[in-house]
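User: I'm new to reading protein structures and keep tripping over the labels. Can we go through this one together and ask where each label comes from?

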Amino acid sequence: ALKVRAVRVVNLDLSANPLSDTGVTHVFDALFMGTPFVTVCIADCQFGLPGVVKMAEAVAVSESLKVLDVSNRYKDEVGVYALGNRIDTMGAQVLADAIGNSHSVTTLDVSGNAIGAKGAAA
């Protein structure tokens with residue numbers, strides 16, 4: 001798990017790192033351990049539904065997280081999200097349920113993900 005000791009980190013930006021589902025799980029384990037992140041940006045980190053499920057568990061119980069950025073921003077030369085996250089309709093619904101239970105999250109950025117109309121409606 002990501003361990004933060006002796007320093008109070010409140011804004012964590014790991015954008016454009018190929019964390020995958022495993023890395024994202026470690027980031028959100030830190031929230032379970034009481035690390036008071038206010039902002040977590042994991043844009044373009046190559047994770048999908050397993051990472052979203054772990055993220056949702058942490059988001060639902062976090063009392064400090066205000067901003068969660070899971071967008072896709074970085075396109076390659078032909079316009080494809082080279083390091084893109086893979087959040088689909090199901091992932092968007094999982095996140096929506098978690099944020100509905102959260103008392104702290106005020107901003108969620110899922111731009112660039114293929115969440116579809118049902119995911120947007122969630």
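User: Let's start with I42. Where does I42 lie?

Analyst: I42 is in the loop between β2 (39–41) and α2. Keep in mind that we're looking at a predicted model.

User: Why is I42 called buried?

Analyst: Buried means under 20% relative accessible area. I42 has 0% relative accessibility, so it counts as buried.

User: What does I42 touch?

Analyst: Leaving out residues up to four places away in sequence, I42 touches L14, L19, V24, F28, F47, M55, D69, V70 and N85. As for V27, its C-alpha is 9.4 Å from that of I42, and the two are 15 residues apart in sequence.

User: And V61, why is that one called exposed?

Analyst: The label exposed needs over 50%. V61 comes out at 53% relative accessibility, so it counts as exposed. V61 lies in helix α2 (residues 49–61), and together with F32 and M33 it forms a nonpolar patch on the surface. The accessible area of those three together is about 310 Å².

User: What makes D29 and K54 a salt bridge?

Analyst: The cut-off is a side-chain nitrogen of Lys or Arg within 4 Å of a carboxyl oxygen of Asp or Glu. For D29 and K54, the N to O distance is 2.8 Å, so the pair meets that cut-off. D29 lies in helix α1 (residues 20–32) and K54 in helix α2, so the salt bridge ties together parts that are 25 residues apart in sequence. As background, side chains of opposite charge can pair when their charged atoms come close.

User: Is K54 buried or exposed?

Analyst: Buried: its relative accessible area is 18%, and the label applies under 20%.

User: How many salt bridges are there in the whole structure?

Analyst: A search finds two. Besides D29 with K54, R73 forms one with D69, where the closest N and O atoms are 2.4 Å apart.

User: Why is R73 called partly exposed while D69 is called buried?

Analyst: Partly exposed sits between the 20% and 50% cut-offs. R73 has 40% relative accessibility, so it gets that label. D69 has a relative accessible area of 11%, so it is buried.

User: What about N72, why is it called buried?

Analyst: N72 has a relative accessible area of 5%, which means it is under the 20% cut-off. You'll find N72 in the loop between β3 and α3 (89–101). Its C-alpha is 5.0 Å from that of D44, although the two are 28 residues apart along the chain.

User: Now the sheet. What makes β1 and β4 edge strands?

Analyst: Four strands form an open sheet in the order β1-β2-β3-β4, with parallel pairing. β1 (11–13) and β4 (107–109) each pair on one side only.

User: How do you know that β3 and β4 pair?

Analyst: Pairing takes at least two bridges between the strands. Three bridges join β3 (residues 67–69) to β4, so they count as paired. V67, for example, has T107 as its bridge partner in β4.

User: Zooming out, in what order do the elements of the protein run?

Analyst: From the N terminus on, they go β-α-β-α-β-α-β-α, with four helices and four strands in the protein.

User: And what share of the protein's residues is buried?

Analyst: Buried residues make up 40% of the 122 residues. The accessible surface comes to about 6,300 Å², and 56% of that belongs to carbon and sulfur atoms.

How values were computed
Residues are numbered from 1 along each chain as its sequence is written. This is a predicted model: local features need pLDDT of at least 70, side-chain atom pairs count only at pLDDT 80 or more; totals for chains, interfaces and linings use all residues. Side-chain values use heavy atoms; hydrogens and water are left out. Helices (H or I, at least four residues) and strands (E, at least two) are DSSP runs, numbered from the N terminus. Patches are made of residues with over 30% relative accessible area and no salt bridge: like charges are joined within 9 Å, nonpolar side chains (Val, Leu, Ile, Met, Phe, Trp, Tyr) within 5 Å. Accessible areas come from the Shrake-Rupley method with a 1.4 Å probe; for residues, only the protein chains shown count as cover. Buried means under 20% relative accessible area, exposed over 50%, partly exposed in between (1.4 Å probe, protein chains only). Contact means heavy atoms within 4.5 Å.
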